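This briefing introduces a protein structure to a reader who is new to the subject. Please keep the sequence and the three-dimensional view at hand while reading.

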Amino acid sequence: MMTSLTQRSSGLVQRRTEASRSAAADKERGSGDEDFEARRGDEQEDDDSGDSKETRLTLMEEVLLLGLKDREGYTSFWNDCISSGLRGCMLIELALRGRLHLEACGMRRKSLLGRKVICKSDAPTGDVLLDEALKHIKDTQPPETVQSWIELLSGETWNPLKLHYQLRNVRERLAKNLVEKGVLTTEKQNFLLFDMTTHPLTNSPIKQRLIKRVQEAVLEKWVNDPHRMDKRILALIFLAHSSDVLENAFAPLLDDQYDLAMKRVRLLLDLEPEGESMKTNTNELLWAVVAAFTK
């Protein structure tokens, strides 16, 4: 069930040609970018202890926003990776908010993918999807592994008794969240045989800041050490790749910047999750999700 995703670790999709943004537009957005980066820096303190009181986008919403076509308001019909990728986002988001962690590795040093996901706190997150996933994980005994939860929450199981774990209409529900946050709008489009609800982009600066954060993480602000990177941006890069939407953030770059960004992303993808998870200042569940998509 995860085969199509795990195969993606061998490379990113071929770059699509897109004109670079003008320097004037970058300058106009400059002050907004600085404020946004400062705010995200403050939020890093909240990652392991609780939730930020400020309204911010979840990892799921950021991945979906990267995948949405701005004008058309829907993701590519050919993208069969984003569903599982969004479930991985949920697990990491819950871990960064202090709700989930992995069981102890024990004397035999269980692998990341062999360790169970444990509910650390069932305090509501304020996000309906996250709370729904958290309730499933809390109520399930015996506990399941990261890979099992990605499959169960996606509905990718042959066991009919476990189909109730599937989180339904996730993309539509995330899009509605983004509508409520003033990022997207809602429209109806006719596709000959059927009508489809779409969510075109209305707040372009928010998406441009998101794209710029991803670009800067592997360009101007590259630190060549995943443990010195903000955990959210690190997770976003891994999950955007697993969801086949990372390319959308790099398409506007000039050729030399694009090549450098891709080279550094490849360095991250080539890391060994087992070894990285044992270093200081790390989140084991984050690396377990990475392992599930890159094994």
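Phe 238 is buried, and Trp 287 is buried as well. Both belong to a predicted model, and the points below are grouped by aromatic pairs, nonpolar core, salt bridges and individual buried residues.

**Aromatic pairs**

- The number of aromatic pairs found is 2.
- In one of them, the rings of Trp 149 and Tyr 165 have centres 5.2 Å apart and planes at 85 degrees; because an angle over 60 degrees counts as edge-to-face, the pair of Trp 149 and Tyr 165 is edge-to-face.
- This pair links distant parts of the chain: Trp 149 is in helix H7 (residues 146–154), whereas Tyr 165 is in the loop between H7 and helix H8 (170–180), 16 residues apart.
- Trp 149 is buried, with a relative accessible area of 0%, and Tyr 165 is buried, with a value of 10%.
- The rings of Phe 238 and Trp 287 also form an edge-to-face pair, with centres 5.7 Å apart and planes at 70 degrees.
- Phe 238 lies in helix H10 (residues 231–242) and Trp 287 in helix H14 (residues 284–294), so this pair ties together parts that are 49 residues apart in sequence.

**Nonpolar core**

- In soluble globular proteins, nonpolar side chains tend to be buried together.
- The largest nonpolar core has 76 residues, and those touching the most other members are Leu 91, Val 146, Ile 237, Leu 239, Phe 250 and Leu 285.
- Helix H5 supplies the largest share of this core, with 9 residues.
- Leaving aside residues up to four places away in sequence, Ile 237 touches Val 214, Ala 217, Val 218, Met 229, Leu 246, Val 265 and Leu 268.

**Salt bridges**

- How many salt bridges does a search of the whole structure find? The search finds 16.
- Arg 56 and Glu 93 form one salt bridge, in which the closest N and O atoms are 3.7 Å apart.
- Arg 56 lies in the loop between helix H3 (30–44) and H4, and Glu 93 lies in helix H5 (residues 82–96), so the pair ties together parts that are 37 residues apart in sequence.
- Arg 56 and Glu 93 are both buried.
- Lys 110 and Glu 103 meet through their side chains in another salt bridge, at 3.1 Å from N to O.
- Lys 110 is partly exposed, with a relative accessible area of 41%, whereas Glu 103 is buried, at 19%.
- A salt bridge of 3.0 Å, N to O, joins the side chains of Lys 162 and Glu 144.
- This pair links distant parts of the chain, 18 residues apart: Lys 162 is in the loop between H7 and H8, and Glu 144 is in the loop between helix H6 (128–139) and H7.
- Lys 162 is partly exposed, at 27% relative accessibility, while Glu 144 is buried, at 14%.
- Arg 56, Glu 93, Arg 97 and Arg 232 are joined into one network by salt bridges that share partners.

**Arg 115**

- Arg 115 is found in the loop between strand E1 (100–102) and strand E2 (117–119).
- Because buried means under 20% relative accessible area, Arg 115 counts as buried, with a value of 3%.
- The side chain of Arg 115 reaches the backbone oxygen of Glu 103 at 2.8 Å.
- Beyond residues up to four places away in sequence, the residues that Arg 115 touches include Leu 102, Glu 103, Lys 110, Val 146 and Glu 284.

**Asp 230**

- Asp 230 lies in the loop between helix H9 (204–217) and H10.
- Which side chain of opposite charge is nearest to Asp 230? It is that of Arg 213, 5.0 Å away; Asp 230 is buried yet has no salt bridge.
- The side chain of Asp 230 reaches the backbone nitrogen of Arg 232 at 3.0 Å.

**Leu 66**

- Leu 66 has its place in helix H4 (residues 59–67).
- With a relative accessibility of 1%, Leu 66 counts as buried.
- Leu 66 and Leu 210 are 144 residues apart along the chain, and their C-alpha atoms are separated by 8.2 Å.
- Among the residues that Leu 66 touches, not counting those up to four places away in sequence, are Leu 210, Ile 211, Leu 236, Val 245 and Ala 249.

How values were computed. Residues are numbered from 1 along each chain as its sequence is written. This is a predicted model: local features need pLDDT of at least 70, side-chain atom pairs count only at pLDDT 80 or more; totals for chains, interfaces and linings use all residues. Side-chain values use heavy atoms; hydrogens and water are left out. Helices (H or I, at least four residues) and strands (E, at least two) are DSSP runs, numbered from the N terminus. Buried means under 20% relative accessible area, exposed over 50%, partly exposed in between (1.4 Å probe, protein chains only). A polar contact is a pair of N or O atoms within 3.5 Å; within protein, one must be able to donate a hydrogen and the other to accept it, and residues adjacent in sequence count only if both atoms are side-chain atoms. Contact means heavy atoms within 4.5 Å. Rings of Phe, Tyr and Trp (its six-membered ring) pair if their centres lie within 6.5 Å; planes under 30 degrees apart count as stacked, over 60 as edge-to-face and the rest as tilted. A salt bridge is a side-chain nitrogen of Lys or Arg within 4 Å of a carboxyl oxygen of Asp or Glu. A nonpolar core is a set of buried Ala, Val, Leu, Ile, Met, Phe, Trp, Tyr and Cys residues joined through side-chain atoms within 4.5 Å. Lys and Arg count as positive and Asp and Glu as negative; His and the chain ends are not counted.
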